[in-house]
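Let's walk through a protein chain together, one feature at a time. Keep the picture open beside you as you read.

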Amino acid sequence: MIISHKIKSYNLQIVSNYAGGGGYQIGFVYLYGENKSYIGHLGIIKDGQTLPENRLYLNGVLNIYFHETELQSILDTLRNENPVLIKFNKDSKWGAIETNKEPVGDGELAA
């Protein structure tokens, strides 16, 4: 079963000497849905380290983990795309950030 939430806003926290994520977590991207409801966070783990298992808590909060090399792509997607969804597969425990279908060759508007 796949759980999906539309992300309406986010905030970023980069941390130093944080013991979470096996001691290799360097940041969080906190995600919020409708009415500023907390969806969960993306845990950012140092490159080369094993990612912790993605989690869905009983209260519905998600913890999805990515390596630091993915952070720029994640932030670019959150800043420039709409809508953006977070998805989690309860059976296989994969997590994803995704957009809806977009036209091919649409490009970005000139400033």
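## Before we start

Two strands count as paired if DSSP finds at least two bridges between them. Strands themselves are DSSP runs of E with at least two residues, while helices are runs of H or I with at least four residues, and both are numbered from the N terminus.

This is a predicted model, in which local features need pLDDT of at least 70 and side-chain atom pairs count only at pLDDT 80 or more, while totals for chains, interfaces and linings use all residues. Residues are numbered from 1 along each chain as its sequence is written, and side-chain values use heavy atoms, with hydrogens and water left out.

## The chain as a whole

The chain has one helix and eight strands. Reading from the N terminus, you meet them in the order β-β-β-β-β-β-α-β-β.

How far does the C-alpha trace span along its principal axes? The spans are about 45 × 30 × 25 Å. The radius of gyration (taken over C-alpha atoms) can be held against a globule rule of 2.2 Å times the number of residues to the power 0.38. For 111 residues, a compact globule would come out near 13 Å, and the chain's 15 Å agrees with that.

Next comes the surface. Accessible areas come from the Shrake-Rupley method with a 1.4 Å probe, and for residues only the protein chains shown count as cover. About 7200 Å² of the chain is exposed, with carbon and sulfur atoms supplying 48% of it. A residue is buried under 20% relative accessible area, exposed over 50%, and partly exposed in between. Buried residues make up 32% of the 111 residues.

## A five-stranded sheet

Look for an open sheet of five strands in the order 2-3-4-6-5, with mixed pairing. Strand 2 and strand 5 are its edge strands, each pairing on one side only.

Strand 3 and strand 4 run antiparallel and are joined by seven bridges. Together they form a hairpin with five residues between them, and asparagine 35 in the turn has a positive phi of about 55°. Strand 4 also runs parallel to strand 6 (residues 62-67), joined by six bridges. One partnership to find here is histidine 41 with asparagine 63 in strand 6. Is strand 4 enclosed or open? Seven of its eight residues are buried, so strand 4 is largely enclosed by the rest of the structure.

## Aromatic rings

A pair of aromatic rings is described by the distance of the centres and the angle of the planes. Rings of Phe, Tyr and Trp (its six-membered ring) pair if their centres lie within 6.5 Å; planes under 30 degrees apart are stacked, over 60 edge-to-face, and the rest tilted. The structure holds three such pairs.

In one of them, phenylalanine 28 and tyrosine 30 have ring centres 5.4 Å apart and planes at 10°, so this pair is stacked. Phenylalanine 28 is buried, at 7% relative accessibility. Another pair is tilted because the rings of tyrosine 32 and tyrosine 38 have their planes at 55°, with centres 5.7 Å apart. Tyrosine 32 also stands opposite tyrosine 38 in strand 4. Both count as partly exposed, tyrosine 32 at 23% and tyrosine 38 at 37%. Phe28, Tyr30, Tyr32 and Tyr38 form one aromatic cluster.

## Two salt bridges

A salt bridge is a side-chain nitrogen of Lys or Arg within 4 Å of a carboxyl oxygen of Asp or Glu. How many does a search of the whole structure find? It finds two.

One joins glutamate 34 and lysine 8 at 4.0 Å, N to O. This pair links distant parts of the chain, 26 residues apart: glutamate 34 is in the loop between strand 3 (25-32) and strand 4 (38-45), and lysine 8 is in the loop between strand 1 (2-7) and strand 2 (9-14). Glutamate 34 is partly exposed at 47%, as is lysine 8 at 48%.

The other joins lysine 87 and glutamate 98 at 3.0 Å, N to O. Lysine 87 lies in strand 7 (residues 84-89) and glutamate 98 in strand 8 (residues 95-99), so the pair ties together parts 11 residues apart in sequence. Glutamate 98 is partly exposed, with a relative accessible area of 27%.

Notes: Buried means under 20% relative accessible area, exposed over 50%, partly exposed in between (1.4 Å probe, protein chains only).
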